[in-house]
Amino acid sequence: MSQPPARTGLSRRAFVSSALALGAAGVLVRPAAAADPIKVAGVYTVPVEQQWVSRIHIAAEAAAAAGQITYTFSENVANTDYPRVMREYAESGIELMIGEVFAVEAEAREVAADYPEVAFLMGSSFLEDPGLPNFAVFDNYIQDAAYLTGLIAGAMSEAGNIGMVGGFPIPEVNRLMHAFMAGAREINPDVTFQVSFIGSWFDPPKAKETAFAMIENGADLLYAERFGVSDAAQERGLLAIGNVIDTQADYPDTVVASALWHFEPTLQAAIAAVNAGEFEAANYGVFSYMREGGSSLAPLGTFEDKVPAEIKTLVQERQEAIKAGTFTVEINDEEPTSS
């Protein structure tokens, strides 16, 4: 989420080896007072309004309102300060820490190793490590919903030229783009794509500028993986597809559909594990799958009567098949390229 994992300089194998050297500490066990709310802290490198982090923040606030957790958080934490903030929360008696460690993978895992009594549920591009049992990973694996928006985009793009603006070409972004592209190609095998990454998770002006360049190059529909893209589409009177959150209320004549991420299933699974004394290294990313309730297609809203009926029927059929497990959206984490 926050920076491309390549900057850590460590491979998945290196993570496994280093953590094994620390020695397995066993499954995290919560004290007997499990009925009390779990003390949770969030550590974020961007504002909580940012689309990806906002999903985590909203889910945590809902759990706090329900009395399941107490929740405090720090936002706009610089990568260089991230380990320090993690340690401060761990020292304060936090039981569960949530956040995103994409730019500080190695450092974050070192912190977790020093606090085996704390459960860490962190957004990561790397897999879980059994040698670090209190550190679980997750990400917004919403390729199911992204594929469905691709079906709609393939039908709504008259020119068959779609512009796609992303933050960084990391696996979890790549898989969403590929799923979207697969859906569009299913409807229009001749569709072409312009793909670009802006090198930032939150730079709306740059995303908008990149989108304008794609429009000049013939794109008549834009995939808005980043904020700023829908603004470009709106200004030029074109259509856009949203990602992670539903922004149609802000762009009623622009955003046709959005692939939504719901962090609630991920967080609820972690809360249950901590309360049961069974939290351990695992990939919580699977709770973002549509069949788990972790992703969905936003209502068509203002475009309900503009999307062709046969496409809406196909989308509904595919959605039901995905939930039933009879249709699987292909996962491709390789960097997508322009046609």
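In this short talk I will go through some salt bridges and then one helix, α10, of the structure shown above. Please keep in mind throughout that this is a predicted model.

Let me start with the salt bridges, of which a search of the whole structure finds 10. One of them joins Arg84 to Glu88, whose closest N and O atoms are 2.8 Å apart, and both residues belong to helix α3, which runs over residues 82-91. They are four residues apart there, about one turn of the helix. That spacing makes sense, because an α-helix has 3.6 residues a turn, so residues three or four places apart point the same way. Arg84 is partly exposed, with a relative accessible area of 40%, and Glu88 is also partly exposed, at 46%. The pair does not stand alone, since Asp81, Arg84 and Glu88 are linked in a network of salt bridges.

Now to a second salt bridge, in which Arg175 meets Asp333, with the closest N and O atoms 3.0 Å apart. What does this pair tie together? Arg175 lies in helix α6, residues 171-187, whereas Asp333 lies in the segment after α10, so the bridge ties together parts that are 158 residues apart in sequence. If we ask whether Arg175 is buried or exposed, the answer is that Arg175 is buried, with a relative accessible area of 7%, while Asp333 is partly exposed at 29%.

A third salt bridge, between the side chains of Lys312 and Glu304, has an N to O distance of 3.2 Å. Lys312 is partly exposed, with 25% relative accessibility, and Glu304 is partly exposed as well, with 36%.

That brings me to helix α10 itself, residues 309-324. This helix has 16 residues and reaches 23 Å from its first C-alpha to its last, which is close to the 22 Å expected at 1.5 Å a residue. Which residues of α10 are buried? They are Ile311, Leu314, Val315, Gln319, Ala321 and Ile322. These residues cover an arc of only 165° around the axis, and therefore they sit on the same side of α10. As for what that side touches, the buried residues of α10 pack against α5, residues 143-156, against α6, and against β11, residues 295-297. On the face turned away from the buried side, α10 carries the exposed residues Ala309, Glu310 and Ala324. Finally, if you follow the chain just past the end of α10, you come to Gly325, which takes a positive phi of about 85°.

Key:
Residues are numbered from 1 along each chain as its sequence is written. This is a predicted model: local features need pLDDT of at least 70, side-chain atom pairs count only at pLDDT 80 or more; totals for chains, interfaces and linings use all residues. Side-chain values use heavy atoms; hydrogens and water are left out. A salt bridge is a side-chain nitrogen of Lys or Arg within 4 Å of a carboxyl oxygen of Asp or Glu. Helices (H or I, at least four residues) and strands (E, at least two) are DSSP runs, numbered from the N terminus. Buried means under 20% relative accessible area, exposed over 50%, partly exposed in between (1.4 Å probe, protein chains only). The expected span of a helix is 1.5 Å times one less than its number of residues. The arc is that of the directions from the helix axis to the C-beta atoms. Contact means heavy atoms within 4.5 Å.
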